[in-house]
Amino acid sequence: MERKTDPKKLERNRRYREAHRDELRQKNREYYWANREKRLASKKASVERHKEAVLARNAEHSKKWRLSARQKIIMALGGKCAWCGFDDWRALQVDHINGGGTTERRKRNSTRAYLEDIANGNSAKYQLLCANCNQIKRYEAGEVRRRS
């Protein structure tokens, strides 16, 4: 449904709001404090009603961001396995050349900052390995976790 508004009326309203800015702000503050509990309850109910949709939207956004970041990282690191030359992005993994990746990730404030750092060219400590070569390297370097 399209709203039809008169340009003269819009201009008149704009001029009124400019001329009475402080008065309108004061009225808004008074309304807020007079109806604070009702407004907070309404907001809480709205958040609860839309919780599932917000979670789904956030999950979809995160998924798109991770895929985009992964593609940037793969391109920044050469796009193929440093050992065997395998180039299917689905099986490529970021490897820390000298090990210690878990420790380094934990030092960061967020995974996002860590991934952006790699994607933006700070890649001297990293290499791209396919899943097989990465597992072989971890085994040979003794990086494989042993459960007791």
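How much space lies in the largest pocket? Keep in mind that this is a predicted model.

**Exercise 1. Size up the largest pocket and work out what lines it.**

Start with the volume: the largest pocket holds about 580 Å³ of space. Next, look at the walls. The lining has 22 residues, and those closest to the pocket centre are Val 94, Asp 95, His 96, Arg 105 and Asn 134.

Now bring in the secondary structure. Elements that each supply at least two lining residues are the strand β1 (92-96) and the helices α4 (51-76), α5 (101-107), α6 (111-119) and α7 (131-141). Top contributor? That's α4, which gives the most to the lining, with 5 residues.

Finally, sort the lining by class: you get 8 nonpolar, 7 polar and 7 charged residues.

**Exercise 2. Count the disulfides, using Cys 84 and Cys 133 to check your reasoning.**

Step one is the cut-off: two cysteine sulfurs have to be within 2.5 Å to count as a disulfide.

Step two, try Cys 84. The closest cysteine sulfur belongs to Cys 81 and sits 3.7 Å away, so that's too far for a bond.

Step three, do the same for Cys 133. Here the closest cysteine sulfur is in Cys 130, at 3.5 Å, and again that's too far for a bond.

Step four, write down the total: 0 disulfides.

**Exercise 3. Decide whether Cys 84 and Cys 133 are buried, partly exposed or exposed.**

You need two limits here: buried means under 20% relative accessible area, and exposed means over 50%. Cys 84 comes in at 48% relative accessibility, so call it partly exposed. Cys 133 has 10% relative accessibility, so that one is buried.

Terms used:
Residues are numbered from 1 along each chain as its sequence is written. This is a predicted model: local features need pLDDT of at least 70, side-chain atom pairs count only at pLDDT 80 or more; totals for chains, interfaces and linings use all residues. Side-chain values use heavy atoms; hydrogens and water are left out. Buried means under 20% relative accessible area, exposed over 50%, partly exposed in between (1.4 Å probe, protein chains only). On a 1 Å grid over the protein atoms alone, a cavity is a set of points where a 1.4 Å probe fits but cannot get out, and a pocket is an open set with protein on both sides within 12 Å along at least five of seven lines; lining residues have an atom within 4 Å of a point. Grid points are joined across faces, edges and corners, and a volume is the space filled by probe spheres set on the points. Helices (H or I, at least four residues) and strands (E, at least two) are DSSP runs, numbered from the N terminus. Ala, Val, Leu, Ile, Met, Phe, Trp, Tyr, Cys and Pro count as nonpolar, Asp, Glu, Lys and Arg as charged, and the others, Gly among them, as polar.
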